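Here are some short exercises on reading a structure. Grab a pencil, try each task, and then check your steps against the solution.

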Number of protein chains: 2
Amino acid sequence: MAATESRQERKDRTRRSILDAALDLLAHTSFSALSLRQLTREVGIVPTAFYRHFASLDELGLALVDDSFASLRDVLNAVRRDNPPPEELIDRSVDVLVESLADDLPHFRFIARERYGGVAPVCEAIGRELDLFERELVTDLARMPELAAWGARDLALLAGLFVNLMVSAAAEFVAAEPESRGPLITRLRHQARMLVVGAAGWSPLPR
Amino acid sequence: MAATESRQERKDRTRRSILDAALDLLAHTSFSALSLRQLTREVGIVPTAFYRHFASLDELGLALVDDSFASLRDVLNAVRRDNPPPEELIDRSVDVLVESLADDLPHFRFIARERYGGVAPVCEAIGRELDLFERELVTDLARMPELAAWGARDLALLAGLFVNLMVSAAAEFVAAEPESRGPLITRLRHQARMLVVGAAGWSPLPR
DNA sequence: GATTTGAGTGAACATCCGTACACCCAAAGA
DNA sequence: TCTTTGGGTGTACGGATGTTCACTCAAATC
């Protein structure tokens with residue numbers, strides 16, 4: 001523990017603790033069932049202190065959405081930044097998603113649970129973030145040689161399928177027992193390939 | 001109101017009322033946040049009376065899963081029974097799904113919300129039902145001429161993509177404003193076609 | 001060094017929660 | 001007709017909930 005701590009540092013640390021405690025509790029219940037008292041008990045502060053950081057539980061929910069998507073955006077943008085050949089971009093993206101899944105589990109669990117799970121502002125915030133991913137994916141797909149002839153609307157449909165797949169796969173991964181997660185990942189990889197290569201050009205898996 | 005009512009009729013009616021009231025309340029909150037008292041208040045019975053019908057709230061959840069999938073199974077099986085040409089089966093299934101969506105909204109909302117939404121037994125029950133759909137879909141797909149050469153594992157991957165699409169689309173439909181539901185349906189139709197025809201054989205949409 | 005600021009405290013509140021228990025009374029069964 | 005059964009009632013309980021208010025006391029500002 002640091003000998004002294006600036007005021008802002010302290011505040012940031014507590015805020016972080018609240019977010020972490022919330023992610024922890026949300027492994028067992030949904031956000032709409034989250035209790036302020038239980039949350040603050042977990043953090044080690046008194047119920048009232050929560051309001052120094054968030055105006056309401058809803059605002060906490062929005063902060064959790066930001067928190068959850070922040071790191072994922074970073075890794076995906078890192079993939080784009082080192083400019084892989086277009087045909088590898090999907091595989092690379094799936095790879096980083098899988099990596100993120102493993103060590104950011106609470107964040108993904110939160111998103112999977114709350115995607116359609118009750119509290120309207122949170123659902124909408126998640127929806128907006130996913131739409132953003134979808135739009136970025138459209139411009140990525142447009143660069144792929146096989147899809148160069150496609151119109152924007154068709155690309156959007158494919159991107160939608162892709163985002164659907166990613167979200168569903170993440171949700172299943174999070175819900176699965178740890179020992180059955182490996183198969184889920186190879187399944188995700190195959191389905192992603194199936195999507196991008198296309199059913200007609202799809203060749204049966206080896207072995 | 002009926003002049004007289006058999007004992008069983010009365011019980012069934014109350015049970016139905018509980019299910020309906022629950023579906024109603026679950027439009028606003030998630031199942032894990034459902035309050036027994038609020039529920040019974042809605043039904044018009046005293047809290048204790050609930051236990052004459054269900055041993056616990058969890059059991060209510062399972063009953064809701066059954067209730068939700070029952071009608072959907074019926075309509076999908078009806079499609080299969082009148083034996084459409086294989087290449088039409090997907091379109092027809094999408095059609096009946098869309099129809100069911102519109103007039104069974106509370107059921108689909110429940111499933112969308114609780115698919116990954118908190119209470120373990122409910123999530124698992126939904127997962128089992130969806131797995132069942134997936135397996136049935138595999139045998140349907142196997143009959144399609146374009147896919148005759150595919151292996152069982154590849155068919156399973158495609159079926160998984162399909163079920164994912166259906167569930168996500170239903171969830172988005174349920175969450176959307178009524179006036180923006182039309183576009184979602186045509187989007188679903190197009191994506192379903194895109195999946196089954198396959199990306200490589202996919203020809204850009206007319207217009 | 002004196003003053004202001006603000007994160008965290010702690011008691012108190014009204015309200016809701018799930019469940020236990022004894023009870024009622026009409027339908028079902030003898 | 002008398003007895004049993006079982007859906008529904010009413011009260012009462014201990015405990016958890018969200019929010020209020022006046023407070024402390026160290027860091028930040030002057």
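**Exercise 1.** Work out how helix 3 of chain A and helix 6 of chain A are oriented relative to each other.

*Solution.* Step 1: find the angle. In this predicted model, helix 3 (residues 57–81) and helix 6 (residues 120–142) of chain A pack at about 20°, with axes 9 Å apart. Helices here are DSSP runs of H or I with at least four residues, numbered from the N terminus. An axis is a line fitted to C-alpha atoms over the stretch in contact, and angles between N-to-C directions run from 0 to 180 degrees.

Step 2: name the orientation. Angles under 35 degrees count as roughly parallel, so helix 3 and helix 6 of chain A are roughly parallel to each other.

Step 3: add the hand. The crossing of these two helices in chain A is right-handed, meaning that the near helix is turned clockwise from the far one by less than a right angle.

**Exercise 2.** Find which residues make the contact between helix 3 of chain A and helix 6 of chain A, and sort them by class.

*Solution.* Step 1: helix 3 of chain A brings A:Asp58, A:Gly61, A:Leu62, A:Val65 and A:Phe69, while helix 6 of chain A brings A:Pro121, A:Val122, A:Ala125, A:Ile126 and A:Glu129. Contact means C-beta atoms, placed from the backbone, within 7 Å.

Step 2: sorting gives seven nonpolar, one polar and two charged residues. Ala, Val, Leu, Ile, Met, Phe, Trp, Tyr, Cys and Pro are nonpolar, Asp, Glu, Lys and Arg are charged, and the others, Gly among them, are polar.

**Exercise 3.** Describe how chain B touches chain A.

*Solution.* Step 1: count. The contact takes 36 residues from chain B and 37 from chain A.

Step 2: look for the biggest giver. On the chain B side, helix 7 gives the most, with 11 residues.

Step 3: sort the chain B side, and you get 19 nonpolar, 13 polar and four charged residues.

**Exercise 4.** Which residues come nearest to DNA strand D?

*Solution.* Step 1: of the 17 residues around strand D, the nearest are A:Ser6, A:Ser35, A:Leu36, A:Arg37 and B:Thr14. To be near, a residue needs its C-beta atom, placed from the backbone, within 6 Å.

Step 2: helix 2 (36–43) of chain A and helix 1 (7–25) of chain B each give two or more residues to this surface.

**Notes on the numbers.** Residues are numbered from 1 along each chain as its sequence is written, and chains are lettered from A and ligands numbered from 1 in the order in which they are written. As this is a predicted model, local features need pLDDT of at least 70 and side-chain atom pairs count only at pLDDT 80 or more, while totals for chains, interfaces and linings use all residues.

How values were computed
Two residues are in contact if their C-beta atoms, placed from the backbone, lie within 7 Å. Angles under 35 degrees count as roughly parallel, over 145 as roughly antiparallel, 65 to 115 as roughly perpendicular and the rest as oblique.
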